[in-house]
Amino acid sequence: MSTSESPEQKEPSDAPDERPTTVSADKSIEDGGAEVSSQGSWADFLPSPIFVLLLGMIGFTGWLSWNAVELDWAAEDTQVTPLIPPLLIFLGWIVSGAVHEFGHALAAYLAGDKSLRGSGYLRLNPFAFGETFTGTILPVLYLGFGGFGMTGPASHIDWDRISGRGRRVLVALAGPLASLLLAALLAVVVSVLVPSDSVSTNWAIASMAFLSLANLSAALINLLPIPGLDMFDAVAPERRWVSVARTNALFGSVAVFAILWFPIVNVRFDDALLALVDLLTPNPAFPELAFHGRLLMQFWA
């Protein structure tokens, strides 16, 4: 009597499993110091909680500076060195740098560099940048020691993914444009708070005036066609040496800062910057407020 072999009793085959492997749509890749989803969602463009926290800290230190609470904390006849306004300025400058890099990243994404989606650059998180030193720490050092605004090299852009000279120019100049818009916004707020026929020594207003001046200087310095600055990426030809220059862009950025930091050059640069402010802003009190803000920031000087 013969018995039929049931399916459960079949011997396992030695043939390799030819079932197709599937890749999850949620697979992530590492890019720019942040995990970027291959599919992504609208949440990839939302401001990060870190950025919201920075804005909250700016609001709180701004309120403390507005009311000059450190004067109330100190005893009578005691000389006070304000420490909250410098904190306000440095926090504001970190946010300004995030806005500058967001301008580059958004323009690059629209121009074809999709690798930045969900990254710290598009989510305004300066502590998630792939180049934290050049993107966040270095600009703060520039501002603190130089007294003028200057950003680090925007080395997170993958220029090979952006085709066409026009698109590359727009991506390169999007950062300075974002800084200019931020400078104009702060200048308008200062002009509203301090009319042209009045003066003010308010710490918060002086801090905003100086931040406006710092964003203006950052935009103007980046218009120099030097490696490490934005204009170089806008005008650089497609040559092999350009990629080498971009790799060593940090040296160009530091060299420009060193030249502008040199006392003789620094004085002339400040005079030219304030003369430009006089032309752009009808408020005669603005340059004095910006200078006051710089003194508040460099309290150790």
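In this predicted model, the backbone oxygen of Val194 lies 2.6 Å from a polar atom of the side chain of Asn283. Asn283 itself sits in the loop that runs between helix H10 (263-280) and helix H11 (286-297), and with a relative accessible area of 3% it is buried, because the limit for that class is under 20%. Once its neighbours within four places in sequence are set aside, the residues in contact with Asn283 are Ser191, Val194, Pro195 and Ser196.

From this loop the chain passes into H11, whose two ends offer a check on its geometry. At 1.5 Å a residue, the twelve residues of H11 should span 16 Å, and the C-alpha atoms at its ends are indeed 16 Å apart, so the expected and the modelled values agree. The buried residues of this helix are Phe286, Pro287, Leu289, Ala290, Gly293, Arg294, Leu296 and Met297. Their cover includes helix H3 (84-111), H4, helix H5 (165-193), helix H6 (203-221) and H10.

One of these covering helices, H4, also takes part in a feature of the surface. Phe133, Ile137, Leu141, Phe145 and Trp261 together make a nonpolar surface patch of about 520 Å², and helix H4 (residues 132-146) supplies the largest share of that patch, four residues. Ile137, which has its place in helix H4, may serve as an example: its relative accessibility is 40%, and it therefore counts as partly exposed, the class that lies between the 20% limit for buried and the 50% limit for exposed residues.

The charged side chains remain to be considered. Side chains of opposite charge can pair when their charged atoms come close. With a side-chain nitrogen of Lys or Arg required to be within 4 Å of a carboxyl oxygen of Asp or Glu, the count comes to five salt bridges. In one of them the side chains of Arg117 and Asp44 meet, at 3.2 Å from N to O. This pair links distant parts of the chain, for Arg117 belongs to the loop between H3 and H4, whereas Asp44 belongs to the loop between strand E2 (34-37) and helix H1 (49-66), 73 residues apart. Both partners are classed as buried, Arg117 with a relative accessible area of 19% and Asp44 with one of 13%.

Another salt bridge brings together the side chains of Arg161 and Asp113, with 3.9 Å from N to O. Here too distant parts of the chain are linked, since Arg161 lies in the loop between H4 and H5 and Asp113 in the loop between H3 and H4, 48 residues apart. The two partners differ in their burial: Arg161 is partly exposed, with a relative accessible area of 43%, while Asp113, at 0% relative accessibility, counts as buried.

Arg161 has a further partner, as the side chains of Asp158 and Arg161 also meet in a salt bridge, at 2.9 Å from N to O. Through such shared partners, salt bridges join Asp113, Asp158 and Arg161 into one network. Within this network Asp158, at 26% relative accessibility, counts as partly exposed.

Definitions and conventions: Residues are numbered from 1 along each chain as its sequence is written. This is a predicted model: local features need pLDDT of at least 70, side-chain atom pairs count only at pLDDT 80 or more; totals for chains, interfaces and linings use all residues. Side-chain values use heavy atoms; hydrogens and water are left out. Helices (H or I, at least four residues) and strands (E, at least two) are DSSP runs, numbered from the N terminus. Buried means under 20% relative accessible area, exposed over 50%, partly exposed in between (1.4 Å probe, protein chains only). A polar contact is a pair of N or O atoms within 3.5 Å; within protein, one must be able to donate a hydrogen and the other to accept it, and residues adjacent in sequence count only if both atoms are side-chain atoms. Contact means heavy atoms within 4.5 Å. Patches are made of residues with over 30% relative accessible area and no salt bridge: like charges are joined within 9 Å, nonpolar side chains (Val, Leu, Ile, Met, Phe, Trp, Tyr) within 5 Å. Accessible areas come from the Shrake-Rupley method with a 1.4 Å probe; for residues, only the protein chains shown count as cover. The expected span of a helix is 1.5 Å times one less than its number of residues.
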